[in-house]
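Got a few minutes to look around a structure you haven't met before? Here's a short tour, with a handful of stops worth finding for yourself.

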Amino acid sequence: MILAFAIYLPSGARAAEDLYHADPTKIMGPAACNECHAPEVEAWKLTHHFDTFNTMHRRPEARDIAGKMGMRRIKDESLCLKCHYTDQTDDSGKVVAISGISCESCHGPGKDWIKIHSASNEVGHLEKAAKLGMLQPNDYYHVAANCFSCHTVPEEKLVNTGGHKAGSDFELVSWLSGEVRHNLQKSGGKVNEEIPIDRRRMLYIVGRALDLEFSLRGMAKATEDGAYSKAMLARVNAAKDRLEEISKASGLPELKKILAAVNVAELKPGNGAAINKMADDIGGISSALAKSQSGANLASIDSLIPGPDKYKGTAYKP
């Protein structure tokens, strides 16, 4: 959902821009995942993530935005490919869209790790795959960062000139519990299991922290007053308010540190370096928090976590 730029986050967090577009030379495609994960792929085929490949470029609003941006073919334009498609380098070296938002958009390009991940009879195969770039479900921070890097729409010209919406109302638990849920592995494809409450707690906290981080990263790209900068500033303030609510309920010291890292006076267009520093600090704290907590002792935030009435779409039923 990714070209690599030299912005590195502390405490082992990956580069922010590395989570914005998967390396097309390392994309294997959904068919490679289908060999072992057919039920999960079937679930994916019923989602908007899958459907975007066939419909997004035909939508009037998409064509209108493309026209304003001077783009002729949406599927061939890298700016659209970043978030709306999975792209792959073909035999001639050309980057082409091969599907909608797919497995590797979330779990990372598979070329380096897919064989090791598939070697279930090999001790430590999942850990080895992770070291080679596979993002696994328990890697709360990096899996969520893939989501937020696109759902914040961090492209000033796309918003100010193209008229693209400046980000979506994205909350991690409600989206991962809805149509994109594919917890089918343990049951052999028979049951799409609900996300356990401990994991939902962690997804909610980490997701809200990442909302603040990536809203700041979006704000850091603002160069002028306009629809984009105003939307990003509003997003930062909303994310900060939500995180304050969680901080009060949970008492987690990490959340207080995250909130303290935001200097409101510096949130203005053209101040990218200072704003990115805030985001880097928050990313380091959030990444460490995601590794140190299991969610088991955080029942105090349960009333804040979205319930089934807030889930985005209907979860796949085998």
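What follows goes through the cysteines, some aromatic rings, two loop residues and a pair of helices.

One thing to keep in mind as you look: this is a predicted model.

**The cysteines**

Let's start with the sulfur atoms. How many disulfides does the structure hold? Just one. The partners are Cys-83 and Cys-150, and their sulfur atoms sit 2.0 Å apart. Turn the view along the S-S bond and you'd find an angle of -90 degrees, which makes the link of Cys-83 and Cys-150 left-handed. And what does the link tie together? Cys-83 belongs to helix H5 (residues 78-84) and Cys-150 to helix H9 (residues 140-151), so the bond joins parts that are 67 residues apart in sequence. Don't look for either one on the outside, as both Cys-83 and Cys-150 are buried.

Two other cysteines are worth a glance. Cys-106 takes part in no disulfide, and the nearest cysteine sulfur to it is that of Cys-147, 5.5 Å away. The reverse holds too: Cys-147 is in no disulfide, and its nearest cysteine sulfur is that of Cys-106, at 5.5 Å. Why doesn't a sulfur pair at 5.5 Å count as a disulfide? The sulfur atoms have to be within 2.5 Å for that.

Stay with Cys-147 for a moment, since it leads on to the next stop. Cys-147 is found in helix H9, and with a relative accessible area of 8% it is buried. Not counting residues up to four places away in sequence, Cys-147 touches Phe-170 and Leu-172. You can also check its C-alpha atom against that of Asp-211: these two are 64 residues apart along the chain, and the C-alpha atoms are separated by 9.8 Å.

**The aromatic rings**

Phe-170 has turned up already, and it has ring partners as well. Searching the whole structure gives four aromatic pairs. Two of them are set out here.

| Aromatic pair | Centre to centre | Angle between the planes | Arrangement |
|---|---|---|---|
| Phe-148 and Phe-170 | 4.9 Å | 90 degrees | edge-to-face |
| Phe-170 and Trp-175 | 5.1 Å | 45 degrees | tilted |

Put together, Phe-148, Phe-170 and Trp-175 form one aromatic cluster. The pair of Phe-148 and Phe-170 links distant parts of the chain: Phe-148 is in helix H9, Phe-170 is in the loop between H10 and H11, and their positions lie 22 residues apart in the numbering. Which of the three are buried and which partly exposed? Phe-148 counts as buried at 1% relative accessibility, and Phe-170 counts as buried at 4%. Trp-175, at 22% relative accessibility, counts as partly exposed.

**Two loop residues**

Now for the loops around helix H10. Val-153 lies in the loop between H9 and H10, and its backbone is a bit of a surprise. Most residues other than glycine have a negative phi. Val-153 goes the other way, with a positive phi near 50 degrees. Val-153 is also buried, with a relative accessible area of 11%.

On the other side of H10 you'll find Gly-162, in the loop between helix H10 (156-160) and helix H11 (172-176). Is Gly-162 buried or exposed? Buried, at 1% relative accessibility. Leaving aside neighbours within four places in sequence, Gly-162 is in contact with Ile-65, Lys-68, Met-69 and Lys-157. Ile-65 is a nice one to trace: Gly-162 and Ile-65 are 97 residues apart along the chain, yet their C-alpha atoms are separated by 4.7 Å.

**A pair of helices**

Last stop: helix H14 (residues 253-260) and helix H15 (residues 272-292). They pack at an angle of about 170 degrees, with their axes 9 Å apart. That angle makes H14 roughly antiparallel to H15.

Which residues meet there? From H14 come Glu-254, Leu-255, Lys-257 and Ile-258, and from H15 come Ile-282, Ile-285, Ser-286, Leu-289 and Ser-292. The contact of H14 with H15 is a mix, with five nonpolar, two polar and two charged residues.

How values were computed. Residues numbered from 1 in each chain as written. Predicted model: local features only at pLDDT ≥ 70, side-chain atom pairs only at ≥ 80, totals over all residues. Heavy atoms only, no water. Helix = DSSP H or I, 4+ residues; strand = E, 2+ residues; numbered from the N terminus. Buried < 20%, exposed > 50% of the residue type's maximum accessible area, 1.4 Å probe, protein only. Axes fitted to C-alpha atoms, helices over the stretch in contact; angles between N-to-C directions. Parallel < 35°, antiparallel > 145°, perpendicular 65-115°, else oblique. Contact = heavy atoms within 4.5 Å. Nonpolar A, V, L, I, M, F, W, Y, C, P; charged D, E, K, R; others polar. Phe/Tyr/Trp six-rings, centres within 6.5 Å; stacked < 30°, edge-to-face > 60°.
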